[in-house]
Amino acid sequence: PPVVMPGPAPGAVCNALLVVRRTHGAAGCVIDERVTRAPGVLQFPCEGGAASANFNGSVFTGSVVNGVVNLALSTRFHFSDGCDWESAQRIQGSLNAAALTYSYVEAPLPGQGRCANACQAFGAVTVQR
């Protein structure tokens, strides 16, 4: 008969290394993305639930449910154009896929004048267990 390997024990924590080598898009922009500076460590309950990914102190939060990752990080900052900006970074996809997707969008907060143009970037996230 086939040997059935037991799954992780209830309450066990799973880990994975997330690597984003580069992003695309954002031509002519200085983006504040955090993921290409160092690999991130994804931690989540093996049976699924609340998850976090730490990229050298920048912490994405969200969930891993049925192997599907959905993480986000939002930041606000004052830019050299004199405007206040907000960024939204997301990591999404299935852990069983070849790669997750990374997206980055930054824009000035509403109601400000003479701000630089909004920027966006995209990348592939390699998952290493």
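**View 1. Strands β7 and β8 pair side by side in this predicted model.** Residues 84–94 make up β7 and residues 100–108 make up β8. The two strands run antiparallel and are joined by eight bridges. If you would like a landmark, look for Gln89: its bridge partner in β8 is Tyr104.

**View 2. A hairpin links β7 to β8.** How many residues lie between the two strands of this hairpin? Five residues separate β7 from β8.

**View 3. Strand β8 also pairs with β9.** Here the partner strand, β9, covers residues 119–128. Seven bridges hold the pairing, and β8 and β9 run antiparallel. To find your way, start at Tyr102, which stands opposite Gly123 in β9. So that you can place β8 between its partners, recall that β8 is joined to β7 by eight bridges and to β9 by seven.

**View 4. Stepping back, the protein chain is built from strands, with zero helices.** There are nine strands in the chain, and from the N terminus on the elements read β-β-β-β-β-β-β-β-β. Along the principal axes, the C-alpha atoms fill a box of roughly 70 × 25 × 20 Å. Of the contacts between residues at least 6 apart in sequence, 48% join residues at least 24 apart.

**View 5. Surface and charge of the protein chain.** The accessible surface comes to about 7,600 Å², and carbon and sulfur atoms account for 55% of that area. Buried residues make up 30% of the chain's 129 residues. As for charge, you will find 8 positive and 7 negative side chains, with the centres of the two sets 7 Å apart.

How values were computed: Residues are numbered from 1 along each chain as its sequence is written. This is a predicted model: local features need pLDDT of at least 70, side-chain atom pairs count only at pLDDT 80 or more; totals for chains, interfaces and linings use all residues. Side-chain values use heavy atoms; hydrogens and water are left out. Two strands pair if DSSP finds at least two bridges between them. Helices (H or I, at least four residues) and strands (E, at least two) are DSSP runs, numbered from the N terminus. Buried means under 20% relative accessible area, exposed over 50%, partly exposed in between (1.4 Å probe, protein chains only). Contact means heavy atoms within 4.5 Å. Accessible areas come from the Shrake-Rupley method with a 1.4 Å probe; for residues, only the protein chains shown count as cover. Lys and Arg count as positive and Asp and Glu as negative; His and the chain ends are not counted. The place of a charge is taken as NZ of Lys, CZ of Arg, CG of Asp or CD of Glu.
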